[in-house]
Amino acid sequence: MILSGRALRLTIFVDDTDTWHHRPMYTEIVHRAHAAGLAGASVFRGMEGFGATQVVHTTRLLSMTDDLPVAIMIVDTEEKVRAFLPQLDDLLIEGLAILDEVEVVAYRGGQTR
């Protein structure tokens, strides 16, 4: 697969404790993106953050929280990303999803070393 030029980045913010049928929500989203044939997806765990509840969650030792922010980033053509959006509605997730136009300058998918 070759991806270059204009693309769309979908970023979904959830808590690391969010689940879908007893598996992490971020895992479900990544597997659905893979099954949909999207170019790529990555999960990033946050060190600290807050959302709609205005409660700050942090990794600091004394905080003892396990409800940390997670960002799932998916990049592909606008058409493919927008076609994937209904998958998020099926998950009934709480969180934030944003779209950004991006320019892909290097993508070397499908190559083996």
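Is Arg-45 buried or exposed? At 59% relative accessibility, Arg-45 counts as exposed, and its salt-bridge partner is taken up in point 4 below.

1. The model under discussion is a predicted one, and the points that follow should be read with that in mind. They begin with the sheet and the helices packed on it, then turn to the salt bridges, and end with a surface patch and some loop residues.

2. An open sheet is formed by 4 strands in the order β4-β7-β1-β8, with antiparallel pairing. Because β4 and β8 each have a single partner strand, they stand at the edges of the sheet, and one side of each is left without a neighbour there. On average, and with direction ignored, neighbouring strands of this sheet are turned by 20 degrees against each other. Within the sheet, β1 and strand β7, the latter covering residues 69-76, run antiparallel and are joined by 8 bridges; Asp-15 stands opposite Pro-69 in β7. Helix α1 packs on the sheet and touches β1, β4 and β7, its direction making about 5 degrees with that of β7. Helix α2, residues 78-91, also packs on the sheet, where it touches β1, β7 and β8, and its direction makes about 20 degrees with that of β1.

3. The structure holds 6 salt bridges, one of which joins Arg-6 to Glu-101, with the closest N and O atoms 3.4 Å apart. Since Arg-6 lies in strand β1 and Glu-101 in strand β8 (residues 96-104), the pair ties together parts that are 95 residues apart in sequence. Both ends of this bridge can be placed by their accessibility: Arg-6 counts as exposed at 64% relative accessibility, and Glu-101 counts as exposed at 61%.

4. A further salt bridge pairs Asp-16 with Arg-45, the closest N and O atoms being 2.4 Å apart. This pair links distant parts of the chain, with Asp-16 in the loop between β1 and β2 and Arg-45 in strand β4 (residues 40-45), 29 residues apart. The two partners fall into opposite classes of accessibility, for Asp-16 is buried, with a relative accessible area of 14%, whereas Arg-45 is exposed at 59%. The cut-offs that decide this are under 20% relative accessible area for buried and over 50% for exposed.

5. Glu-28 forms a salt bridge with Arg-32, and here the closest N and O atoms are 2.7 Å apart. Both residues lie in helix α1 (residues 25-35), 4 residues apart, which is about one turn of the helix. Glu-28 is buried, and Arg-32 is buried as well. The pair also belongs to a wider arrangement, in that Arg-23, Glu-28 and Arg-32 are linked in a network of salt bridges. As a general matter, side chains of opposite charge can pair when their charged atoms come close.

6. On the surface, a nonpolar patch is formed by Phe-13, Leu-96 and Ile-98, which together have about 230 Å² of accessible area. Phe-13 lies in strand β1, residues 5-15. At 33% relative accessibility, Phe-13 counts as partly exposed, a class that runs between the limits for buried and exposed residues.

7. Two histidines in the loop between β2 and β3 deserve a look at their backbone angles. Although not a glycine, His-21 has a positive phi of about 50 degrees, and at 62% relative accessibility it counts as exposed. His-22, likewise not a glycine, has a positive phi of about 70 degrees and is exposed, with a relative accessible area of 83%.

8. Ala-39 lies in the loop between α1 and β4, and at 13% relative accessibility Ala-39 counts as buried. The C-alpha atoms of Ala-39 and Lys-80 are separated by 9.1 Å, while the two residues are 41 residues apart along the chain.

Methods. Residues are numbered from 1 along each chain as its sequence is written. This is a predicted model: local features need pLDDT of at least 70, side-chain atom pairs count only at pLDDT 80 or more; totals for chains, interfaces and linings use all residues. Side-chain values use heavy atoms; hydrogens and water are left out. Patches are made of residues with over 30% relative accessible area and no salt bridge: like charges are joined within 9 Å, nonpolar side chains (Val, Leu, Ile, Met, Phe, Trp, Tyr) within 5 Å. Accessible areas come from the Shrake-Rupley method with a 1.4 Å probe; for residues, only the protein chains shown count as cover. A salt bridge is a side-chain nitrogen of Lys or Arg within 4 Å of a carboxyl oxygen of Asp or Glu. Buried means under 20% relative accessible area, exposed over 50%, partly exposed in between (1.4 Å probe, protein chains only). Two strands pair if DSSP finds at least two bridges between them. Axes are lines fitted to C-alpha atoms, for helices over the stretch in contact, and angles run from 0 to 180 degrees between N-to-C directions. Contact means heavy atoms within 4.5 Å.
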